[in-house]
Amino acid sequence: MEDQIERLFQEWHRLGAPVLLAAADPSVTPRPAEEVAVETTRYCRHSGRLTWVVLDWLIRHAADISDSDLLRRTRESGDLSVLGVLCDAAWQRNPDPVFRRLMSSCVPHAEVVSFFHRVAASPLASRLARENALDLFRRWNYLCSELRYL
Amino acid sequence: MDLGLARLRLYTLGKAEQIAMKIVALREQDLEDLELLLPELLEAEREILLRIMQHVAPLRPDWAQKIRYFLDLERGWKIK
C-alpha cells in the first residue's frame, strides 16, 4: 500500500499539486487527472497528507475537471463517500458548480466511522475525532476533527 | 547550540521533542510519523521523552496526560 500511495504522490506532483518529494520519479507514466483522483479516493483514508494534496488540486483545478468522467470512474473503481468529502471541502474554498454536481451524485458511507484508518486504530485519537468531529465529515458519515487547506 | 552568537540562542529539536509534539497534536499524519519515530527511539531518548512529559505537567496537564495515555495505554510503556 505504501508503494501505491508513494506513486500517487508522484502523479499528483506531475499534475501540479504541491507535493514535497524526496525526488521526482521520471518513470511515472502520465494519466488523466480524473483517473488519478479516482484511485486516490481509495487511499485517502490511509493518508492525511494525500487527502490534503488532492483536495488542494481539486480546489485549484475545478475548471479542468470532467465531472461526468470522474463520476463514472469513481462508480466503477473509486469511493463515492470519499469523493463526497473532497468535493464538500473543496466547495467551502471554491464554490464552483462542478463540486455541487459531483456531491449530488455521491453517497455517504454506509455507517458512521472514523475517516482515517490510523485514527480508528488509536483509541485516544478516535475519541478526539468523535468528540470534535467536523460537520463536513459528518455529512458523509465520517468522524474527523481535522481539515487542512494547503 | 552554542555557536558563539551574541544575540541569538539556537535550540535544536531532538527525536523525543518531536514525538512529544506529535502526540499532543495527534493528527493522522502525526500518527503516521509516530509509527516511524517510536520504534527507533533509543533508551536515552525515551528518558528525555518522559522528562518532557513531567516538565510540561504543571504548565499543561492536558498535554502531559495525553502523552502519558498514548505511551502507556496505546504503546505499552510502563510509566510509573
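**Entry 1. The core**

I began with the largest nonpolar core of this predicted model. I noted that this core has 54 residues. I then looked up which of the 54 touch the most other members, and found A:Trp12, A:Val53, A:Val54, A:Leu86, A:Cys87, A:Ala90 and A:Leu102. Helix H5 of chain A, residues 80-93, supplies the largest share of this core, eight residues.

I next took A:Trp12 and set aside its neighbours within four places in sequence. Its remaining contacts are A:Ala17, A:Val19, A:Val36, A:Val53, A:Val54 and A:Trp57. I recorded that A:Val53 and A:Val54, partners of A:Trp12, are also named among the residues that touch the most other core members.

**Entry 2. A helix pair in chain A**

I turned to helix H1 (residues 2-14) and helix H2 (residues 33-43) of chain A, whose axes come within 11 Å. I recorded a crossing angle of roughly 140° for these two axes. The crossing of H1(A) past H2(A) is left-handed.

Which residues make this contact? On the side of H1(A) I listed A:Gln4, A:Ile5, A:Leu8, A:Glu11 and A:Trp12. On the side of H2(A) I listed A:Val36, A:Glu39, A:Thr40 and A:Tyr43. By type, the contact of H1(A) with H2(A) consists of five nonpolar, two polar and two charged residues. A:Trp12 thus appears in my notes both in this contact and in the core.

**Entry 3. Chain B as a whole**

I then examined chain B, which has 80 residues. Chain B contains four helices and zero strands, and I wrote its order from the N terminus as α-α-α-α. Its C-alpha atoms fill a box of roughly 45 × 30 × 25 Å along the principal axes. I found that 21% of the residues of chain B count as buried.

I also looked up the contacts in chain B with a separation of 6 or more. Of these, 49% join residues 24 or more positions apart.

For confidence, I noted an average pLDDT of 93 in chain B, with 100% of the residues scoring at least 70. For the model I entered ipTM 0.85 and pTM 0.89.

**Entry 4. Where the chains meet**

How many residues does each chain give to the contact? I recorded nine from chain B and 11 from chain A. On the side of chain B, helix H2 (28-37) and helix H4 (61-74) are the elements that give two or more residues. H2(B) provides the largest share of that side, four residues. I sorted the side of chain B that touches chain A into four nonpolar, one polar and four charged residues.

**Entry 5. Two positive phi values**

I closed with two residues, one in each chain. A:Asn141 is not a glycine, yet its phi is positive, at about 65°. I located A:Asn141 in the loop between helix H9 (135-138) and strand S2 (142-143) of chain A.

In chain B, I found a positive phi near 50° for B:Leu26, again a residue other than glycine. B:Leu26 is in the loop between helix H1 (15-25) and H2 of chain B.

Why do I enter A:Asn141 as partly exposed? A:Asn141 has 17 C-beta neighbours inside 10 Å, and therefore counts as partly exposed. B:Leu26 has 19 C-beta neighbours inside 10 Å, so I entered B:Leu26 as partly exposed; a residue is buried if 20 or more other C-beta atoms lie within that distance.

Terms used:
Residues are numbered from 1 along each chain as its sequence is written. Chains are lettered from A and ligands numbered from 1 in the order in which they are written. This is a predicted model: local features need pLDDT of at least 70, side-chain atom pairs count only at pLDDT 80 or more; totals for chains, interfaces and linings use all residues. A nonpolar core is a set of buried Ala, Val, Leu, Ile, Met, Phe, Trp, Tyr and Cys residues joined through C-beta atoms within 7 Å. A residue is buried if 20 or more other C-beta atoms lie within 10 Å of its own, exposed if 12 or fewer, and partly exposed in between; C-beta atoms are placed from the backbone. Two residues are in contact if their C-beta atoms, placed from the backbone, lie within 7 Å. pLDDT is the predictor's confidence in each residue, from 0 to 100. Axes are lines fitted to C-alpha atoms, for helices over the stretch in contact, and angles run from 0 to 180 degrees between N-to-C directions. A crossing is left-handed if the near helix is turned anticlockwise from the far one by less than a right angle, and right-handed if clockwise. Ala, Val, Leu, Ile, Met, Phe, Trp, Tyr, Cys and Pro count as nonpolar, Asp, Glu, Lys and Arg as charged, and the others, Gly among them, as polar.
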